[in-house]
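Reader: I would like to learn how to read a structure like this one, feature by feature. Could you walk me through it?

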Amino acid sequence: MLDKVFTNNQVTIAGKVVSEFAYSHTVYGEDFYTVDIEVSRLSNSNDIIPVMVSERILDVHEDYRGYVLHANGQFRSYNRHEETRNRLVLSVFAREVAIMEPEEDEQDPNHIFLDGYVCKKPVYRKTPLGREIADVLLAVNRPYGKSDYIPCICWGRNARYADQFEVGAHVQIWGRIQSREYQKKIGEDEYEKRTAYEVSVSKLEYQSDDGEI
């Protein structure tokens, strides 16, 4: 059972470290820290992705800015209480990390595989330029009855396909993690710049109870 849970959420990612480590939380005496890495896209733009690392697997008091951090792990979520509501916070939870010198002309990996269940009716829409998009919120099981809730975005044919999914549909997704800035209204005329994280889907498959369709 645990083997399946550990394989239903797999991330391999690498990018240039662009922040120092910041303390996140402590579990059973083990301290966890987050650090931001800059991951390049083929379009020459960049995503800034937070990675959570245990003090047991890396010296989190060193300053690694400018180096490349490689991580294998999972994409995880938790609800952070802010004023009157909960906010979904996402980061890569690293199980293995390595610090490397940057390599010229080398494309850093950014791969994710998720096996989970649609927990909200997908939202299908078209952009003003006619591009088809569908937003899918996937619940991915963790051990001990917990789940991660991962926002995924589909394009084109994948968006039309995802629009047919009902809540509870069992789906497998392949893609990459990306960041997106947006303006959050926090007052009458006051906005705050925030960053959302989601999975940009390159491939998705519906899973029936008795196998793949």
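Author: Happily! Let us start with Asp-59, in what is a predicted model. Asp-59 is partly exposed, since its relative accessible area is 39%, and partly exposed covers values between 20% and 50%.

Reader: Where along the chain is Asp-59 placed?

Author: Asp-59 sits in the loop that joins strand S4 (46-54) to strand S5 (68-82). Its side chain reaches the backbone nitrogen of His-61 at 3.1 Å. For a sense of scale, take Lys-121: 62 residues separate it from Asp-59 in sequence, and the two C-alpha atoms are 42 Å apart in space.

Reader: Now a second aspartate. Is Asp-47 buried or exposed?

Author: Asp-47 counts as buried, because its relative accessibility is 0%. This residue belongs to strand S4.

Reader: What does the side chain of Asp-47 make polar contacts with?

Author: One polar contact goes to the side chain of Arg-41, at 2.7 Å. Another goes to the side chain of Arg-176, at 2.9 Å. If we leave out residues up to four places away in sequence, Asp-47 touches Ile-37, Glu-38, Val-39, Arg-41, Arg-176, Ile-177, Gln-178 and Ser-179.

Reader: Let us turn to salt bridges. What is the general idea, and how many salt bridges are there here?

Author: The general idea is that side chains of opposite charge can pair when their charged atoms come close. With a cut-off of 4 Å between a Lys or Arg side-chain nitrogen and an Asp or Glu carboxyl oxygen, the count here is 12 salt bridges.

Reader: Glu-38 was among the residues touching Asp-47. Which residue does Glu-38 meet in a salt bridge?

Author: Glu-38 meets Lys-16, with an N to O distance of 3.8 Å. Glu-38 is in strand S3 (residues 30-40) and Lys-16 in strand S1 (residues 9-17), so this salt bridge ties together parts that lie 22 residues apart in sequence. Both ends can be read for exposure too: Glu-38 is partly exposed at 24% relative accessible area, and Lys-16 is partly exposed at 37%.

Reader: How should I read the pair Arg-142 and Asp-148?

Author: Begin with the distance: the closest N and O atoms of this salt bridge are 2.7 Å apart. Then look at burial, where the cut-off is under 20% relative accessible area. Arg-142 counts as buried because its value is 18%, and Asp-148 counts as buried because its value is 1%.

Reader: And what about Lys-193 and Glu-181, are they buried or exposed?

Author: Both Lys-193 and Glu-181 are exposed. They form a salt bridge whose closest N and O atoms are 3.7 Å apart. That pair links distant parts of the chain, 12 residues apart: Lys-193 lies in strand S12 (residues 191-208) and Glu-181 in strand S11 (residues 170-185).

Reader: Which residues are linked in a network of salt bridges?

Author: Glu-20, Asp-63 and Arg-65 are linked in such a network.

Reader: Next, strands. Why is strand S7 described as largely enclosed by the rest of the structure?

Author: A useful general idea first: in a regular strand, side chains alternate between the two faces of the sheet. As for strand S7 (residues 110-118), seven of its nine residues are buried, so the rest of the structure largely encloses it.

Reader: Which strands pair with S7, and in what sense?

Author: S1 pairs with S7 in the antiparallel sense over five bridges; here Asn-9 stands opposite Leu-114. S11 also runs antiparallel to S7, and six bridges join them. Strand S9 (residues 132-141) is another antiparallel partner, with two bridges. Tyr-117 is a good residue to look at: it stands opposite His-170 in S11, and in S9 its bridge partner is Ala-139.

Reader: Finally, how do I read the chain as a whole?

Author: Start with the elements: the chain has two helices and 13 strands. Then compare its size with a simple rule. A compact globule of 213 residues would have a radius of gyration near 17 Å, and the chain has 18 Å, which agrees. The C-alpha trace spans about 50 × 50 × 45 Å along its principal axes.

Reader: What share of the residues counts as buried, and what does the surface come to?

Author: Of the 213 residues, 43% count as buried. The accessible surface comes to about 12600 Å², and 47% of that belongs to carbon and sulfur atoms. As for contacts between residues at least 6 apart in sequence, 60% join residues at least 24 apart.

Definitions and conventions:
Residues are numbered from 1 along each chain as its sequence is written. This is a predicted model: local features need pLDDT of at least 70, side-chain atom pairs count only at pLDDT 80 or more; totals for chains, interfaces and linings use all residues. Side-chain values use heavy atoms; hydrogens and water are left out. Helices (H or I, at least four residues) and strands (E, at least two) are DSSP runs, numbered from the N terminus. Buried means under 20% relative accessible area, exposed over 50%, partly exposed in between (1.4 Å probe, protein chains only). Two strands pair if DSSP finds at least two bridges between them. The radius of gyration is taken over C-alpha atoms; the globule rule is 2.2 Å times the number of residues to the power 0.38. Contact means heavy atoms within 4.5 Å. Accessible areas come from the Shrake-Rupley method with a 1.4 Å probe; for residues, only the protein chains shown count as cover. A polar contact is a pair of N or O atoms within 3.5 Å; within protein, one must be able to donate a hydrogen and the other to accept it, and residues adjacent in sequence count only if both atoms are side-chain atoms.
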